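Me: Please take a close look at a single helix of this model and its surroundings. I should like one connected account rather than a list.

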Amino acid sequence: MRQLAVLAGSVTPEHVGMVAAHAVRGATGTGFVLRKGEIVTGEHVVRLQELNGREIHLLGAESDELHEVEAGARLARAVAGAGVELRGPAESQYTLLAAHRGLLRIDIDSLFKVNKQAGVSVLTRFDHQPVNAGEELAGAKVTPLVMPGATIEAVEQICRERPPVRVLPFRPMRVAAIVLERVDPRARDRFQAVLERKLSWFGSELGIIRESRPDEPYADVLREVLARGPDLIMAAGASSLDPLEPLFGGLQAVGARIVKHGVPVHPGSLFWIAYAGAVPLFGLSSCEMFSHKTVLDLILPRLFAGEPIGSDDLARLGHGGMLGREMAFRFPPYDGEPMPD
């Protein structure tokens with residue numbers, strides 16, 4: 001990169017194409033003749049010559065270097081994966097936006113490698129956040145006014161296989177709810193209203209509601225519900241702490257595999273999840289049945305985005321597992337309206 005300090009009155013057409021290293025105001029002190037990062041044109045030359053002895057700093061890009069405009073645009077395109085749109089630049093920074101409602105995924109390792117490159121900055125929201133279309137997800141900018149093209153090529157190589165920022169669309173699912181006979185009818189109606197509200201935000205529906213009858217084997221209930229082909233099953237009313245809870249015996253009888261019983265999250269520490277083949281099945285305690293800021297509301301976005309939930313995924317929830325009011329940004333907004341009382 002060529003660096004040149006020249007008196008304004010000495011600027012000539014030979015300097016056209018160079019980059020202003022700082023802003024240059026007009027002779028009266030108002031208005032800009034050149035803005036920082038702007039490329040000198042013939043019109044600028046005439047106005048700069050009027051400034052006489054003022055010192056101007058100019059930068060010249062070599063053949064293997066890029067102006068920040070091109071470098072920034074290529075950086076933004078590289079880091080934006082599926083489900084992401086671009087806006088900008090504004091003050092040389094591009095903003096990455098959600099193209100649709102879905103689950104924000106940040107590839108942290110890829111992001112780290114990108115930000116290790118000299119003069120490159122990509123800043124994001126947290127991984128695994130549910131987002132609406134048009135929401136801001138990340139910013140991308142290059143710091144130098146002129147930078148090596150090799151730096152951007154390295155970024156593009158990093159992002160080619162693993163773009164740092166993606167939005168996974170929520171998949172419409174048919175959900176089944178099994179309501180055990182011990183659930184009070186009033187609680188059952190309230191649970192259904194809350195659940196339907198949540199599912200609609202993800203574009204899914206409560207397609208099956210199966211209430212068990214006294215003395216009815218839970219294995220038979222599970223087999224009947226599974227035979228109807230739901231994508232997801234929730235069971236309300238089971239006692240998570242009781243090792244002799246009949247529902248757990250029913251899960252074993254139908255060949256379901258419990259992934260983890262208990263998670264490091266409050267509220268929701270008694271949460272459990274199992275898989276009957278590819279169908280996730282989990283139990284809901286009273287807090288998950290009626291609240292909308294529990295571990296369930298961290299898990300649902302992942303499931304509706306098509307991500308399987310493993311034991312390691314649940315164990316990692318301990319980091320940030322204290323779900324106080326300050327954690328509200330992590331939950332689906334459910335259209336920003338209060339849930340039913």
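Reply: Two groups are in contact here when heavy atoms lie within 4.5 Å of each other. The model is a predicted one, and the part chosen is helix H6, residues 218-227. With contact defined in that way, the buried residues of H6 pack against strand S15, strand S16 (205-211), strand S17, helix H7 (246-253) and strand S20.

The buried residues in question are Tyr 218, Ala 219, Val 221, Leu 222 and Val 225. Viewed along the axis of H6, they fall within an arc of 160 degrees, so they line one face of the helix. An α-helix has 3.6 residues a turn, so residues three or four places apart point the same way. After the helix comes Gly 229, which has a positive phi, near 70 degrees.

Several of the packing partners of H6 also belong to a wider assembly. The largest nonpolar core has 40 residues, and Met 234, Phe 282, Leu 300 and Phe 304 are those with the most contacts inside it. Among the elements that give two or more residues to this core are S15 (174-179), S17 (232-236) and S20 (279-284). Helix H9 gives the most, with 7 residues. In soluble globular proteins, nonpolar side chains tend to be buried together.

Leu 300 illustrates the packing there: beyond its neighbours within four places in sequence, Leu 300 is in contact with Phe 202, Leu 232, Met 234, Phe 282 and Tyr 334. Apart from this core lies another, of 30 residues, which includes Ala 98, Val 131, Ala 138 and Val 165.

Note on methods:
Residues are numbered from 1 along each chain as its sequence is written. This is a predicted model: local features need pLDDT of at least 70, side-chain atom pairs count only at pLDDT 80 or more; totals for chains, interfaces and linings use all residues. Side-chain values use heavy atoms; hydrogens and water are left out. A nonpolar core is a set of buried Ala, Val, Leu, Ile, Met, Phe, Trp, Tyr and Cys residues joined through side-chain atoms within 4.5 Å. Buried means under 20% relative accessible area, exposed over 50%, partly exposed in between (1.4 Å probe, protein chains only). Helices (H or I, at least four residues) and strands (E, at least two) are DSSP runs, numbered from the N terminus. The arc is that of the directions from the helix axis to the C-beta atoms.
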